[in-house]
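Me: I have a protein model to go through at the bench. Please take my questions in turn and keep the answers short.

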Amino acid sequence: MSRALTDEPPAKPAAIRHGAIILARHGEPALSRKVRLNAAEYREFWANYEILGLLPGQTPPKQLLSFVESCGALISSTRLRSIESVQALAKDRVFDRHDLLIEAPLPPPNWPRWIRMSPSLWGFFARLWWWFFDHHEGQETRSQAEERADRAAAMLIGLAASGENVVVLAHGFFNFMVGRSLRKLGWKLVESEGYKYWSMRRFERG
């Protein structure tokens with residue numbers, strides 16, 4: 001009887017469950033959107049938006065704070081608004097910064113100078129032209145950004161394989177693209193706050 005028990009193959013260890021991946025948008029940048037601009041002025045607006053940090057005095061949401069406190073990996077893009085968002089959430093905690101996570105480009109359509117709109121409307125039309133008409137003005141194309149989103153998703157899945165949660169502070173539209181890549185790889189969106197500043201979307205392995 002003891003011989004039979006000895007000959008049995010050892011039990012396989014239980015597989016470690018992946019942690020969740022939380023894609024969060026940075027806080028509000030220190031640049032007012034209460035202006036009306038033409039296309040050339042919007043290009044300048046976007047260039048400033050890309051280099052500025054956060055508007056002072058913001059309070060990150062409690063749920064996002066709790067995710068950051070308990071996560072195993074904390075990551076930002078290399079843009080200042082994302083870095084300062086992590087610092088507002090995690091104080092002196094060490095975190096990684098990846099240019100793989102920067103926002104996709106946003107060149108506006110070349111419309112006449114007399115057309116003036118808010119930055120929000122310009123952003124909508126610029127993204128529409130970039131996404132559907134490949135209007136990139138020599139910057140990253142949609143297909144290139146999709147390939148980058150796939151690489152970002154693979155990186156995050158690798159980190160989540162430790163079993164601990166991963167929190168990313170990056171950008172609204174590129175987070176959307178990373179989320180698409182995660183879903184292609186079998187991950188499910190289980191919680192979403194949309195794409196407003198400080199919002200988060202939580203993905204879990206299906």
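Me: What is the accessible surface of the protein, and what share of it belongs to carbon and sulfur atoms?
Reply: This is a predicted model, in which local features need pLDDT of at least 70 and side-chain atom pairs count only at pLDDT 80 or more, while totals for chains, interfaces and linings use all residues. Residues are numbered from 1 along each chain as its sequence is written, and side-chain values use heavy atoms, with hydrogens and water left out. Accessible areas come from the Shrake-Rupley method with a 1.4 Å probe, and for residues only the protein chains shown count as cover. The surface comes to about 11,100 Å², and the share of carbon and sulfur atoms is 57%.

Me: How confident is the predictor on average?
Reply: Confidence is given as pLDDT, the predictor's score for each residue from 0 to 100. A score of at least 70 is reached by 93% of the residues, and the average for the protein is 93.

Me: Over which residues is the pLDDT below 50?
Reply: Contact here means heavy atoms within 4.5 Å. The stretch in question has zero contacts in the model beyond near neighbours in sequence, and it covers residues 1–5.

Me: How many helices and strands does the protein have?
Reply: Helices (H or I, at least four residues) and strands (E, at least two) are DSSP runs numbered from the N terminus. Along the sequence they follow the pattern α-β-α-α-β-α-β-α-α-β-α-β-β. The count is seven helices and six strands.

Me: Which helix gives the most to the largest nonpolar core?
Reply: A nonpolar core is a set of buried Ala, Val, Leu, Ile, Met, Phe, Trp, Tyr and Cys residues joined through side-chain atoms within 4.5 Å. The largest has 26 residues, and I21, L23, L156, V166, M177, V178 and L182 touch the most other members. Elements that each supply at least two residues include β1 (21–25), β4 (166–170), α6 (142–160) and α7 (172–184). With seven residues, the top contributor is α6.

Me: Why does F176 count as buried, partly exposed or exposed?
Reply: F176 lies in helix α7 and, leaving out residues up to four places away in sequence, touches W131, Y195 and R201. Buried means under 20% relative accessible area and exposed over 50%, with partly exposed in between (1.4 Å probe, protein chains only). Because its relative accessibility is 23%, F176 counts as partly exposed.

Me: What is the C-alpha to C-alpha distance between F176 and L23?
Reply: In sequence F176 and L23 are 153 residues apart. In space, the distance is 8.6 Å.
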